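Here are my notebook entries from a session of looking things up in this structure. I went through the sheets, the helices and a couple of single residues, and wrote things down as I found them.

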Amino acid sequence: MPAAAPAVTFEDVARRYGAVAAVDGVSCRIEPGSFVALVGASGSGKSTLLKTVNRLVSPSAGRVLIDEQDVRDEPAPALRRRIGYVFQSIGLFPHWTVAENIGVGPRIARQAPADVARLLDMVDLPAGLAGRMPDELSGGQRQRVAIARALAPGARLLLLDEALGALDPVTRDALGRRLRALHDELALTTILVTHDMAEALLLATRVLVMKAGRIVADASPAELVNGGGGADAQALVRVPRDQAERLRELVG
């Protein structure tokens, strides 16, 4: 039986680069099974905060816990093997086949070999792609392979750092829907960093808005659509709302 989805807790987390506070005293708890979107303008600290979870960034102060255990209590490589991480630039190994890329996590962790066909099916790709090289795939296909690779070791926590940002709108929408379905099917805890407020509202169960390294709004998508969350959150919600209104005007 798979392990339960984990909780993630930030306790007064800060990350400073000289005089600049990229993250400035963030405290919040992400409950098991949540799909949380971190949104905000560039430089708001959302990606930096996300990377403190798998220790790609070390806090200058405070601590991060997974199921009440400080992430610093185990070696970083061991921690990362149990956390799925997908980022915008995909990062597949170019000289390895799709199957080799997907199987690398279980192999390093000395687990049973990855069921590549099952994992490809999970991300809506045909098993016949297993022997292909990354440069033979489209951008959307490569990102699906990256998601399959992240899930291959049995991760229950999935971190998505602008994972959909480089894709065309049609592919981005389809892959976002698949990610949300996988979150539900596998009972994951998922944290998504995105610049796209519409994406956050449609995929997440909870939205955290960051500004100048701090969380300035914490609300459900429904609350935000109904005017909640404060001025900073509503400034972001206004963008897709205005776009929808302009589209309506085009059709009279």
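**Entry 1: a pair of helices**

A reminder to myself first: this is a predicted model. I began with α3 and α5, which turn out to be roughly parallel to each other, since their angle falls under the 35 degrees cut-off. The angle I looked up for helix α3 (residues 98–108) against helix α5 (residues 139–151) is about 30°, and their axes are 7 Å apart. The crossing of this pair, α3 with α5, is right-handed.

Which residues make the contact? On the α3 side I noted V98, N101, I102 and V104, and on the α5 side V145, A148 and R149. Sorted by class, the contact of α3 with α5 holds 5 nonpolar, 1 polar and 1 charged residues.

**Entry 2: more on α3**

Next I asked which residues of α3 are buried. My list reads V98, N101, I102, G103, V104, G105 and P106. These buried residues of α3 pack against α4 (116–122) as well as α5. After α3 comes R110, and I noted its positive phi, near 60°.

**Entry 3: the other partner of α5**

I then followed α5 to helix α6 (residues 169–186), where the axes come within 11 Å and cross at roughly 15°. That angle makes α5 roughly parallel to α6. Here, too, I wrote down a right-handed crossing for α5 and α6. From α5, the contact takes G140, Q143, R144, I147 and L151. From α6, it takes T171, A174, L175, R178, L179, L182 and L186. By class, I get 7 nonpolar, 3 polar and 2 charged residues in the contact of α5 with α6.

**Entry 4: the six-stranded sheet**

On to the strands. In what order do the 6 strands of the open sheet run? The order is β6-β7-β8-β3-β9-β10, and the pairing is mixed. At the edges stand β6 (83–87) and β10 (214–219); each has a single partner strand, so one side of each is left without a neighbour in the sheet. On average, and ignoring direction, neighbouring strands in this sheet are turned by 15° against each other.

I picked one pairing to look at: strand β3 (residues 35–39) with strand β8 (residues 189–193), which is parallel and runs over 4 bridges. L38 has V193 in β8 as its bridge partner.

Two helices that pack on this sheet went into my notes. Helix α1 (residues 46–53) touches β3, β6, β7 (157–161), β8 and β9 (206–211), and its direction makes about 150° with that of β7. Helix α9 (residues 231–250) touches β3, β9 and β10, with its direction at about 110° to that of β9.

**Entry 5: two residues in this sheet**

Is L192 buried or exposed? L192 sits in strand β8, and its relative accessibility is 2%, so it counts as buried. Leaving out neighbours within four places in sequence, I found L192 in contact with F35, V36, A37, L38, L160, E199 and L203. I also checked L192 against D135: they are 57 residues apart in sequence, and their C-alpha atoms are 26 Å apart in space.

My second pick was V216, in strand β10. With a relative accessible area of 34%, V216 is partly exposed. Not counting residues up to four places away in sequence, V216 touches V209, M210, K211, G229 and D232. V216 and P240 are 24 residues apart along the chain, and 20 Å separates their C-alpha atoms.

**Entry 6: the four-stranded sheet**

Last, I turned to the open sheet of 4 strands, which has the order β2-β1-β4-β5 and antiparallel pairing. Which strands stand at its edges? They are β2 (20–30) and β5 (69–70), each with a single partner strand, so one side of each has no neighbour in the sheet. Strand β1 (residues 8–17) pairs with β2 in the antiparallel sense over 8 bridges. Opposite R16 I found A21 of β2.

Helix α1 came up again here: α1 lies across β1, β2 and β4 (61–66), and runs at about 120° to β1. So my notes have α1 twice, with this entry's strands and packing on the sheet of Entry 4.

Notes: Residues are numbered from 1 along each chain as its sequence is written. This is a predicted model: local features need pLDDT of at least 70, side-chain atom pairs count only at pLDDT 80 or more; totals for chains, interfaces and linings use all residues. Side-chain values use heavy atoms; hydrogens and water are left out. Axes are lines fitted to C-alpha atoms, for helices over the stretch in contact, and angles run from 0 to 180 degrees between N-to-C directions. Angles under 35 degrees count as roughly parallel, over 145 as roughly antiparallel, 65 to 115 as roughly perpendicular and the rest as oblique. A crossing is left-handed if the near helix is turned anticlockwise from the far one by less than a right angle, and right-handed if clockwise. Contact means heavy atoms within 4.5 Å. Ala, Val, Leu, Ile, Met, Phe, Trp, Tyr, Cys and Pro count as nonpolar, Asp, Glu, Lys and Arg as charged, and the others, Gly among them, as polar. Two strands pair if DSSP finds at least two bridges between them. Buried means under 20% relative accessible area, exposed over 50%, partly exposed in between (1.4 Å probe, protein chains only).
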